[in-house]
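Biologist: I should be grateful for a close look at one part of this protein, namely its largest nonpolar core. Please describe which residues and elements build that core, and set the description in the context of the whole chain.

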Amino acid sequence: MFGIADYGAFVAAIVLFLLIPGPGNLALITSTSKGGVRGGLAATFGVIAGDQVLMWLAVAGVAALLAAYPAAFSAVQWLGAAYLAWLGWKMLSAKPGDAPVLNIRPRQYFQQAALITLLNPKAIVFYMAFFPLFVDPARHQGMATFGAMAATVAALTFLYGLTAVLLTHFLAARMRANPAIGRVLEKLAGVFLIGFGIKLAISR
């Protein structure tokens with residue numbers, strides 16, 4: 001299909017990667033808990049937009065450029081780590097009644113999720129290494145092949161995000177009766193964000 005070798009395995013691999021806990025998943029959950037289904041869907045589209053940018057940058061060879069200039073890679077890596085850690089600290093230091101760390105307006109949720117996705121330079125390298133595994137050299141159709149792969153990733157991310165948003169919204173409705181649970185989960189989310197930032201900073 002469009003020069004993609006073993007399309008079924010490609011889809012299965014993408015689904016597996018989506019299920020792995022990470023900043024993107026946390027952005028979806030936090031956005032939904034703060035902004036409802038609209039906020040969660042906005043974050044989903046933000047993750048999709050960020051992924052699409054990274055995928056096409058990888059196709060264009062940005063990964064090779066970053067590999068050739070380690071200082072540039074490290075700068076973006078530290079910027080992403082600092083951003084995640086700042087978000088985590090804002091969540092940890094928030095007091096009852098404070099304005100939410102993530103604004104409830106969907107436009108900001110979109111930007112938040114897109115930034116979290118974009119500020120992970122290793123994702124570019126991942127796509128650069130991942131895509132060739134599923135390209136059939138004999139049937140490769142150039143940009144059409146990569147376009148089909150990018151569209152598949154976007155569609156699967158949307159379906160996954162929609163499922164995560166609806167599930168989170170259902171659970172959040174059950175927890176509104178006990179605000180203390182929401183505060184604990186927010187602190188836990190802050191710890192995870194700081195952890196993601198540290199992991200990104202020390203990984204090489």
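Modeller: The account below begins with the chain as a whole, turns to the core, and ends at the surface. The model is a predicted one. The protein chain contains eight helices and zero strands, so that its pattern along the sequence reads α-α-α-α-α-α-α-α. Of its 204 residues, 40% are buried. Among contacts between residues at least 6 apart in sequence, 86% join residues at least 24 apart.

The largest nonpolar core has 21 residues. Those that touch the most other members are F10, I14, Y127, F130, F131, F134 and M149. Two or more residues are contributed by each of the helices α1 (7–19), α2 (23–59), α6 (122–130) and α7 (143–175). Helix α7 supplies the largest share, with six residues.

F134 merits particular attention. Apart from its neighbours within four places in sequence, F134 is in contact with G3, I4, A5, D6, A9, F10, A13 and M149. Two of these partners, F10 and M149, are also listed with F134 among the core members that touch the most others.

F10 also takes part in an aromatic pair, one of two found in a search of the whole structure. Its partner is Y7, and the pair is tilted, with 6.3 Å from centre to centre and 40° between the planes. Both residues belong to helix α1, where they stand three residues apart, about one turn of the helix. The two differ in burial: F10 counts as buried because its relative accessibility is 0%, whereas Y7 counts as partly exposed because its value is 27%. A residue must fall under 20% to be called buried.

The core described so far is accompanied by a second, separate core of twelve residues, which includes L28, A43, L87 and M91.

Nonpolar side chains are found at the surface as well. V53, L57 and L118 make a nonpolar surface patch of about 200 Å². V53 lies in helix α2, one of the helices that give two or more residues to the largest core. V53 is partly exposed because its relative accessible area is 38%, a value between the limits of 20% and 50% that set this class. Over the protein chain as a whole, about 10,800 Å² is exposed, and carbon and sulfur atoms supply 73% of that area.

Note on methods. Residues numbered from 1 in each chain as written. Predicted model: local features only at pLDDT ≥ 70, side-chain atom pairs only at ≥ 80, totals over all residues. Heavy atoms only, no water. Core = buried A, V, L, I, M, F, W, Y, C linked by side-chain atoms within 4.5 Å. Buried < 20%, exposed > 50% of the residue type's maximum accessible area, 1.4 Å probe, protein only. Helix = DSSP H or I, 4+ residues; strand = E, 2+ residues; numbered from the N terminus. Contact = heavy atoms within 4.5 Å. Patch = residues over 30% accessible without salt bridge, like charges linked within 9 Å, V, L, I, M, F, W, Y side chains within 5 Å. Areas by Shrake-Rupley, 256 points an atom, 1.4 Å probe, with all protein chains shown as cover. Salt bridge = Lys/Arg side-chain N within 4 Å of Asp/Glu carboxyl O. Phe/Tyr/Trp six-rings, centres within 6.5 Å; stacked < 30°, edge-to-face > 60°.
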